[in-house]
Amino acid sequence: MTEGTSRPPLVDPFGRVIRKVRISVTERCNFRCAYCMPTAPKWFDREAILRFEEIERVVRILASMGVSKVKLTGGEPLMRRDLEVLVSMLSRVPGVANISMTTNGFFLAERARALKEAGLDAVTVSLPSVDRDRFRAITGVDALDEVIKGIDAAIGAGFSPVKINATIVRGLNEDQVVPLAEFARSRGVFIRFIEFMPFDGKGSWRPDRVVSWREMYEVLRSKFDLVPLQRESGSTSMNFAFRGNPGGVGFIASITAPFCDDCERIRLTADGRIVPCMFSPKEFDLRSALRRGATDSELESIIRAAVGAKDRGVKYMLQSGNLPNVVRPMYVLGG
């Protein structure tokens with residue numbers, strides 16, 4: 001592929017144009033969050049993980065088809081050695097306008113500035129509680145102080161934006177919604193509350209454990225003066241600003257009010273599979289093609305086939321009662 005070559009955009013069967021890719025750089029994680037990972041996960045063989053050069057090649061092909069936003073995920077992406085090198089490589093890909101990362105924050109304080117200098121634009125940190133004992137119970141690690149230091153380091157390094165994600169599970173941390181919002185307001189950042197999704201890898205998800213966005217919103221509305229913000233097309237969240245203060249709250253309502261109709265993202269797993277819809281079992285093997293010497297045109301064909309098989313979305317799976325019984329754990333899928 002010639003640098004700068006423009007190819008037809010990626011359009012799925014429902015007319016949605018793909019502009020974003022979420023790339024898992026590793027499935028490994030140093031936390032064992034209750035809503036994400038089994039206590040004894042099975043890791044990929046190391047040779048199965050895509051090399052930086054392979055990831056860059058895929059991103060170059062995607063960018064030539066109009067994908068301009070890249071999010072690095074895991075597992076915990078900062079467990080991937082020399083991630084700054086990959087960020088620098090991707091920042092030089094023509095057409096890539098934004099590179100962000102979702103992290104648990106544990107290693108962020110020591111690496112925030114290097115990541116920013118390498119070309120990382122934005123950071124989202126997962127934070128399920130601001131109570132130390134509760135944090136340890138949820139994540140399996142006594143690391144609240146390290147995560148808060150990571151958040152503060154990201155703010156200090158100048159990432160724009162810095163966001164916080166909090167998955168809320170009934171019976172686990174629904175009482176943390178207000179303290180988490182207060183924490184976000186104190187730092188002038190946005191916190192997004194995520195409805196519990198069936199990606200825990202343990203089969204513990206049940207509808208009655210989902211705290212709906214509406215329930216969380218009503219609790220927060222009684223404590224804060226929230227100003228609704230216009231939702232951007234393709235955004236996963238409904239956002240509200242704190243009146244008179246920087247930052248705000250958002251809600252990722254993947255179960256009760258999913259935004260499938262203008263979804264514009266696909267995923268690349270750490271072992272090189274394109275996943276067009278996180279709730280669907282469909283996946284397309286890019287790694288085998290990469291390692292057998294496939295041309296860029298052949299890789300493009302696989303990517304287009306994956307986008308051509310993208311489901312209408314979980315919104316319609318739920319309406320029809322066809323939600324898959326078994327879905328990939330989040331640490332395998334890439335958050």
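These legends walk through several close-up views of one predicted model.

**View 1. The whole chain, with its helices and strands.**
Start by getting your bearings: the chain contains 11 helices and 12 strands. Its radius of gyration is 19 Å, close to the 20 Å that the globule rule gives for 335 residues, so the chain is as compact as a globular protein of that length. If you drew a box along the principal axes, the C-alpha atoms would fill roughly 55 × 45 × 40 Å. Of the 335 residues, 56% are buried. The accessible surface comes to about 14,100 Å², and carbon and sulfur atoms account for 48% of that surface. Look also at how the chain meets itself: among contacts between residues at least 6 apart in sequence, 73% join residues at least 24 apart.

**View 2. Charged side chains across the chain.**
How many positive and negative side chains does the chain have? There are 49 positive and 40 negative ones. The centres of these two sets lie 2 Å apart.

**View 3. The open sheet and its edges.**
Here you can follow an open sheet of 12 strands with mixed pairing. Try tracing the strands in their order across the sheet: S7-S8-S9-S6-S5-S4-S3-S2-S1-S10-S11-S12. Which strands sit at the edges? They are strand S7 (226-228) and strand S12 (284-285), each of which pairs on one side only.

**View 4. An antiparallel pair, S8 and S9.**
Strand S8 covers residues 238-242 and strand S9 covers residues 248-252. Four bridges link these two strands, and the pairing is antiparallel. To find one matching pair, look for Ala241, whose bridge partner in S9 is Gly248.

**View 5. Strand S1 and its covered residues.**
Strand S1 (residues 20-24) is mostly covered, with five of its five residues buried. Which way do the residues point? Lys20, Arg22 and Ser24 point one way from S1, while Val21 and Ile23 point the other way. Residues on both sides are buried.

**View 6. Parallel neighbours S1, S2 and S3.**
S1 runs parallel to strand S2 (residues 69-73), and five bridges join them. Ile23 stands opposite Leu72 in S2. Now move on to the next pair: S2 and S3 also run parallel, joined by four bridges. Leu72 appears again here, standing opposite Met101 in S3. Why is S3 described as largely enclosed by the rest of the structure? Five of its six residues are buried, so the rest of the structure largely encloses S3.

**View 7. Thr124 and the residues around it.**
Thr124 lies in strand S4 (residues 122-126). Is Thr124 buried or exposed? Its relative accessibility is 4%, so Thr124 counts as buried, given that the cut-off for buried is under 20%. Setting aside neighbours within four places in sequence, Thr124 is in contact with Lys71, Met101, Thr102, Thr103, Lys163, Ile164, Asn165 and Arg192.

**View 8. Helix H2 and what it packs against.**
In helix H2 (residues 83-91), the buried residues are Leu83, Glu84, Leu86, Val87, Met89 and Leu90. What do the buried residues of H2 pack against? Their partners are helix H1 (52-64), S2, strand S3 (98-103) and helix H3 (108-118).

**View 9. Glu53, an exposed residue in helix H1.**
Glu53 is found in helix H1. Its relative accessible area is 52%, so Glu53 is exposed, because exposed means over 50%. Glu53 and Lys149 are 96 residues apart along the chain, and their C-alpha atoms are separated by 32 Å.

**View 10. The loop between S2 and H2.**
Two backbone details can be found in this loop. The peptide bond from Gly74 to Gly75 is cis, with omega near 20°, and Gly75 is in the loop between S2 and H2. Asp82 is in the loop between S2 and H2 too. Although Asp82 is not a glycine, it has a positive phi of about 60°. At 44% relative accessibility, Asp82 counts as partly exposed.

**View 11. A cis bond before Pro161.**
Ser160 and Pro161 are joined by a cis peptide bond, with omega about 0°. Where does Pro161 lie? Look in the loop between helix H5 (144-157) and strand S5 (162-168).

Technical notes: Residues are numbered from 1 along each chain as its sequence is written. This is a predicted model: local features need pLDDT of at least 70, side-chain atom pairs count only at pLDDT 80 or more; totals for chains, interfaces and linings use all residues. Side-chain values use heavy atoms; hydrogens and water are left out. The radius of gyration is taken over C-alpha atoms; the globule rule is 2.2 Å times the number of residues to the power 0.38. Buried means under 20% relative accessible area, exposed over 50%, partly exposed in between (1.4 Å probe, protein chains only). Contact means heavy atoms within 4.5 Å. Accessible areas come from the Shrake-Rupley method with a 1.4 Å probe; for residues, only the protein chains shown count as cover. Lys and Arg count as positive and Asp and Glu as negative; His and the chain ends are not counted. The place of a charge is taken as NZ of Lys, CZ of Arg, CG of Asp or CD of Glu. Two strands pair if DSSP finds at least two bridges between them.
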